[in-house]
Structures are given as C-alpha cells and as structure tokens.
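This report covers the pockets, the nonpolar core and two individual residues of one protein model. The sequence and coordinates are shown first.

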Amino acid sequence: MEAAAAGCDMFEEIVMAEERFHGEGYQEGYADGSHVGVVEGRRYGSLLGAKIGSEIGFYLGFALTWQCLFQKCTDEKNNKKIRALDYLIRMIQKFPYEDPTYDKLQEDLEKIRGKFKQCCTQKGHADDIKECHFLELKVWAR
C-alpha cells in the first residue's frame, strides 16, 4: 500500500511540475522586472531632472547677463525690461529644485518659460523670440 502511495505521489509531482515551474518562473520574472523597472525609472528621472536643471540654468544665465547689460541704461523703457528680468530671476530662485514631488512643478516651469519668452520679446527685436525659442530647444536637445 505504501508503494502505491509513493507511486501516486511521484505521479502527482510529474503532473503538477508544469504548474509549479510556471509559478516559480512567474515569481522570478516579476522580481527581475521590478528591479529593472526601478533602475530604468531612476535613470530616466535623473536624465529628465538634468535637462530641466540645464534649461533653468540657461534662463538664469540669460536673465543675469541681460540684467547687467541693462543696468547701464536707466531710461523708463529699460526699467520695464529690468523689472521683467528681476521677476524671472526671482521665479527661478523660488523654483523647487530639491523637491521632485512638488505638485506645481510643471506649472511653475511653464510660467518661467513664458516669462523668458516675454523677456526675449521686450528686447525689441522681432527675431529675438525665434532665437530664444531655438536656444530653448537646443537646451532640451542636449
């Protein structure tokens, strides 16, 4: 009787092997996929963060440079440009670099881009906005 039970258990192991291997394979695949997903997500997040930081740095450099150039001219027309540049600089300084979970990150970034384009158009040259937009795209292409 014990021999028959042992033979039955062995037969059951053979029949259930496919289901067991399927379950083990699924668990291993899920664990490997989760690990690869985390690594890929971290890499993508770092790349996107670096691009945003580079773009913001470009805008800050632009604003500081033009602010210095306009400081020498104190007429009312340039004062308006200086105020717009000052506001752009303040927006950039308030930008939450260290908090990727900030709810309004994209909204604030769009506001900074809009203020940057406004500053480009205030310089008084029709082609400047196209040049600024080209430079913005060039920053993103890096």
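## Pockets, core and selected residues

Helix α2 is the main contributor to the lining of the second largest pocket, giving 4 residues. This is a predicted model. Both α2 (76-94) and α3 (105-122) supply at least two residues of that lining. The residues that line the second largest pocket are Tyr87, Arg90, Met91, Lys94, Phe95, Pro96, Tyr102, Asp108, Lys111 and Ile112. By class they divide into 6 nonpolar and 4 charged residues, with no polar ones.

The largest pocket has a lining made up of Tyr44, Gly45, Leu48, Gly49, Ile52, Gly53, Phe95, Pro96, Tyr97, Asp99, Pro100 and Leu105. Here helix α1 (residues 2-71) gives the most, with 6 residues. Phe95 and Pro96 appear in the lining of the largest pocket and also in that of the second largest pocket.

The two pockets are set side by side below.

| Pocket | Volume | Nonpolar lining residues | Polar lining residues | Charged lining residues |
|---|---|---|---|---|
| Largest pocket | about 320 Å³ | 8 residues | 3 residues | 1 residue |
| Second largest pocket | about 190 Å³ | 6 residues | no residues | 4 residues |

**Overall fold**

The protein contains 4 helices and 0 strands, and its pattern along the sequence reads α-α-α-α. Of its 142 residues, 25% are buried. Among contacts with a separation of 6 or more, 61% are between residues 24 or more positions apart. The accessible surface is about 10,500 Å², and carbon and sulfur atoms account for 59% of that area.

**Nonpolar core**

The largest nonpolar core is made of 20 residues, and Ile56, Leu88, Phe95 and Ile112 have the most contacts inside it. Helices α1, α2 and α3 are the elements that give two or more residues to this core. Among them, α2 gives the most, with 7 residues.

What is isoleucine 112 in contact with, leaving aside its neighbours within four places in sequence? The partners are Ile56, Tyr59, Leu88, Met91, Ile92 and Phe95. Three of these partners, Ile56, Leu88 and Phe95, are named with Ile112 among the core residues that have the most contacts. Ile112 also lines the second largest pocket, as do Met91 and Phe95.

**Glycine 45**

Glycine 45 belongs to helix α1 and is part of the lining of the largest pocket. Is this residue buried, partly exposed or exposed? Its relative accessibility is 38%, so glycine 45 counts as partly exposed, because that class lies between the 20% limit for buried and the 50% limit for exposed. Proline 100, which lines the largest pocket too, is 55 residues from glycine 45 along the chain, and their C-alpha atoms are separated by 9.4 Å.

**Glutamine 122**

Glutamine 122 is found in helix α3. With a relative accessible area of 18%, glutamine 122 is buried, because the class takes in values under 20%. Not counting residues up to four places away in sequence, glutamine 122 touches Lys80, Lys81 and Ala84. Asparagine 78 is 44 residues away from glutamine 122 in sequence, and the two are 9.1 Å apart in space, C-alpha to C-alpha.

Conventions: Residues are numbered from 1 along each chain as its sequence is written. This is a predicted model: local features need pLDDT of at least 70, side-chain atom pairs count only at pLDDT 80 or more; totals for chains, interfaces and linings use all residues. Side-chain values use heavy atoms; hydrogens and water are left out. On a 1 Å grid over the protein atoms alone, a cavity is a set of points where a 1.4 Å probe fits but cannot get out, and a pocket is an open set with protein on both sides within 12 Å along at least five of seven lines; lining residues have an atom within 4 Å of a point. Grid points are joined across faces, edges and corners, and a volume is the space filled by probe spheres set on the points. Ala, Val, Leu, Ile, Met, Phe, Trp, Tyr, Cys and Pro count as nonpolar, Asp, Glu, Lys and Arg as charged, and the others, Gly among them, as polar. A nonpolar core is a set of buried Ala, Val, Leu, Ile, Met, Phe, Trp, Tyr and Cys residues joined through side-chain atoms within 4.5 Å. Buried means under 20% relative accessible area, exposed over 50%, partly exposed in between (1.4 Å probe, protein chains only). Contact means heavy atoms within 4.5 Å. Accessible areas come from the Shrake-Rupley method with a 1.4 Å probe; for residues, only the protein chains shown count as cover.
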